[in-house]
Amino acid sequence: MLHLTPAPLHRLVLRLGHAVRRTWWRLRRPVVDGACVIALDDAGHVLLLRQSYGTTRWVLPGGGVDRGETPIAAAARELEEEAGCGITGLELALVSEEMLHGATNRVFVFTGRLVGEPRVDGREILEAQLFPLHALPPETSTRVVRRMTQAGLYSSDS
């Protein structure tokens, strides 16, 4: 239904929803499960996204694990929703626990090979771009760098 909403209004709803979620997490301090994907193309470039809400930094595709959903299914779903492409060879690289807006965020980090060209809807995701692992943009989220380093795919010495 939100796809029928004009894109600027849709982005406003996403920003408001994100603010409500952050407040709720600060009050309730839940444990939430998420999944993200370190998606590489055939040349070994990593897919990074810029969202219309939250941080303005480059991030990995990902999001929450729905009730009854497996983390691997959530990772594939989030990549499809956010970047409009598929993934093959998904493998669990690590599980990370971190505080995020008062919640304990347990993130299942997967690696895999991109299938198709990334395309964004201009609503939740504003940009999608492939970057060489040795040349991540300076605006890359520290979480991305930490997850890629822990997965053995990135070193600041590169």
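Me: A salt bridge pairs a side-chain nitrogen of Lys or Arg with a carboxyl oxygen of Asp or Glu that lies within 4 Å. In this predicted model, which residue forms a salt bridge with Glu98 whose closest N and O atoms are 2.5 Å apart?

Reply: Side chains of opposite charge can pair when their charged atoms come close. With its closest N and O atoms 2.5 Å apart, the salt bridge of Glu98 is made with Arg147. The pair links distant parts of the chain, 49 residues apart: Glu98 in strand β4 and, in helix α3, Arg147.

Me: Is Arg147 buried or exposed?

Reply: The cut-off for buried is a relative accessible area under 20%. Arg147 has a relative accessibility of 9%, so Arg147 counts as buried.

Me: How far apart are the closest N and O atoms in the salt bridge of Arg146 with Glu98?

Reply: Glu98 has 10% relative accessibility and counts as buried, whereas Arg146, at 37%, counts as partly exposed. Arg146 forms a salt bridge with Glu98, and the distance between the closest N and O atoms is 3.6 Å. That pair, too, links distant parts of the chain, with Arg146 in helix α3 and Glu98 in strand β4 (residues 86–100), and the separation in sequence is 48 residues. The distance asked for is 3.6 Å.

Me: Over what arc around the axis do the buried residues of helix α3 lie?

Reply: Helix α3 covers residues 142–150, and its buried residues are Val144, Arg147 and Met148. They sit on the same side of α3, because the arc they cover around the axis is only 95 degrees.

Me: Which residue has a side-chain oxygen that reaches the backbone nitrogen of Arg143?

Reply: The contact is at the start of α3. The side-chain oxygen comes to within 3.1 Å of the backbone nitrogen of Arg143, and it belongs to Ser141.

Me: What phi does Gly152 take?

Reply: Gly152 comes just after α3. Its phi is positive, at about 80 degrees.

Me: How many residues apart in sequence are the parts tied together by Arg50 and Glu127?

Reply: Arg50 forms a salt bridge with Glu127, with 3.4 Å between the closest N and O atoms. Arg50 belongs to strand β2 (residues 46–51) and Glu127 to strand β6 (residues 125–131), so the parts the pair ties together are separated in sequence by 77 residues.

Me: How far is the C-alpha atom of Glu81 from that of Val120?

Reply: Glu81 lies in helix α2 (residues 71–83) and is linked with Asp66, Glu69, Arg77 and Glu78 in a network of salt bridges. Its relative accessible area is 45%, so Glu81 is partly exposed. Glu81 and Val120 are 39 residues apart along the chain, and their C-alpha atoms are separated by 8.8 Å.

Me: Which residue has the backbone oxygen that the side chain of Ser52 reaches?

Reply: Ser52 is found in the loop between β2 and β3. With a relative accessible area of 9%, Ser52 is buried. At 2.5 Å, its side chain reaches the backbone oxygen of Arg123.

Me: How many disulfides does a search of the whole structure find?

Reply: Cys36 counts as buried at 3% relative accessibility, and Cys85 is buried with a relative accessible area of 2%. A disulfide needs two cysteine sulfur atoms within 2.5 Å. Over the whole structure, the number of disulfides found is zero.

Key: Residues numbered from 1 in each chain as written. Predicted model: local features only at pLDDT ≥ 70, side-chain atom pairs only at ≥ 80, totals over all residues. Heavy atoms only, no water. Helix = DSSP H or I, 4+ residues; strand = E, 2+ residues; numbered from the N terminus. Buried < 20%, exposed > 50% of the residue type's maximum accessible area, 1.4 Å probe, protein only. Arc of directions from axis to C-beta. Polar contact = N/O pair within 3.5 Å; in protein donor to acceptor, adjacent residues only side chain to side chain.
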